[in-house]
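Q: Please take a close look at a single loop position and the salt bridges around it.

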Amino acid sequence: MADVFEEEAEPTVSIHEYLKGVEEQELEADLVLGGDEGKECTYTKGYMKRQAIFSCLTCTPDGNAGVCTACSLSCHDGHEIVELWTKRNFRCDCGNSKFGEFFCKLFANKEVENIDNAYNHNFKGAYCSCGRPYPDPEAEEQVEMLQCCICEDWFHEEHIGLESSDEIPRDEEGEPLYEDFICPVCSEACSFLTLYPPTIWAVKQHDATNATKDKNVLEDTPSACGSSEKLENGICSSESPKVNCVLPSATSEMSSTGKCILVGETSDKKLESNESIQVSGPSTVCLLGADLIVAPPALEKPKPMFLTKNWRDVLCRCVKCASFCTQKGIHFLLDKEDSIAEYEKMAKQKREEKLQQQEGVEYNFLNNLGHVEKIEILNGITDMKNEIHTFLESFDASKPITSADVHQVFENLAKKRRRM
């Protein structure tokens, strides 16, 4: 038997596929960087609600500092950099006292230390409860990790306390059905979420039907309240909806539209539909009807939580619930702009504005040219299209296009221009 093996054909892509891939990579970068072009240090913006942060292990091997996108490019080029994706309420450390004699090239006049910055083992290049790096040089395959929206650490699926990763809410194609994940450790501080309607919890597709049935069973369960009362969110209330005011100085509860909202069945339905109740001031009426500071609910055992889209909009923002969140250090959950979803939405808007601006510059450039210059450019574009078309017509479709073929196309164009 001849020892001859047919060489595998090199993978080929069409120009459309290539351009689409480039566009997807650019979009992914914009989503991570929040539309930051990395030209200016973000220090002057103070503690930003959310921004892309990097750790330089060359300058701060203890992992006790973080730098913004611009500083990672300008001040730490060639250094050992750890990409941390995004961090909340963070101010760029580049060049402060943690960097010794090293000064920031973009903005040197900084405070000695950013006392409100928070750091975890991610800044040392370690992740999850196992403390492994990512990518892990000892792993055969780099698996997808989940980020806790509270501590912002990243976790391997097998290290979040589930019997199987199949319990993670995903659709049939493996795409996540949840918007936010809370790790088992942080779930203790978020045990109050169990008081909210089941609509805030993400469930697997094949579990959705059972969840609906369970919800109906709960609604049909006889209450232990009096004959003239019913159970609303686990709290006894009168059959006739009460009219209470969210604002301390008013006599009726007002929505953002100025219309009266009834506390009871109506507010319960608003909760179940995941709609936020917006008011012009701090609320005195708790949607949960419970004092979390005095008697917060307890979990039987720490477990991961998976929350559905817009779940934050449902959270009660009354004075007591807001105080509880501040006490637990999770007040940022009441700020919609804190979420990754809002951060990516802002990044997409910046990207669209940048593309529109680029199109405007190109349009103005063409308009500012004279008639002869315009004709030259249009003729050049036409010549290129014709040359590529001629090349593709005569080319063997079974063979891949090489760099030599591309160079030949441009050489033919140059010869044609010289003859003209």
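A: **Ser339 and its surroundings**

Ser339 sits in the loop between α6 (319-328) and α7 (340-367); helices (H or I, at least four residues) and strands (E, at least two) are DSSP runs, numbered from the N terminus. This is a predicted model, in which local features need pLDDT of at least 70, side-chain atom pairs count only at pLDDT 80 or more, and totals for chains, interfaces and linings use all residues. Residues are numbered from 1 along each chain as its sequence is written, and side-chain values use heavy atoms, with hydrogens and water left out.

Ser339 counts as buried because its relative accessibility is 5% (buried is under 20% relative accessible area, exposed over 50%, partly exposed in between; 1.4 Å probe, protein chains only). Its side chain reaches the backbone oxygen of Lys336 at 3.1 Å and the backbone nitrogen of Glu342 at 3.2 Å. Not counting residues up to four places away in sequence, Ser339 touches Arg50 and Arg312, where contact means heavy atoms within 4.5 Å.

Arg50 and Arg312 belong to a network of salt bridges that also links Arg88, Glu152, Asp180 and Asp338; a salt bridge is a side-chain nitrogen of Lys or Arg within 4 Å of a carboxyl oxygen of Asp or Glu. Glu152 pairs with Arg50, the closest N and O atoms being 2.9 Å apart. Glu152 lies in the loop between β3 (145-147) and β4 (154-156) and Arg50 in strand β1, so the pair ties together parts 102 residues apart in sequence. Arg88 also forms a salt bridge with Glu152, at 3.9 Å between the closest N and O atoms.

Methods
Polar contact = N/O pair within 3.5 Å; in protein donor to acceptor, adjacent residues only side chain to side chain.
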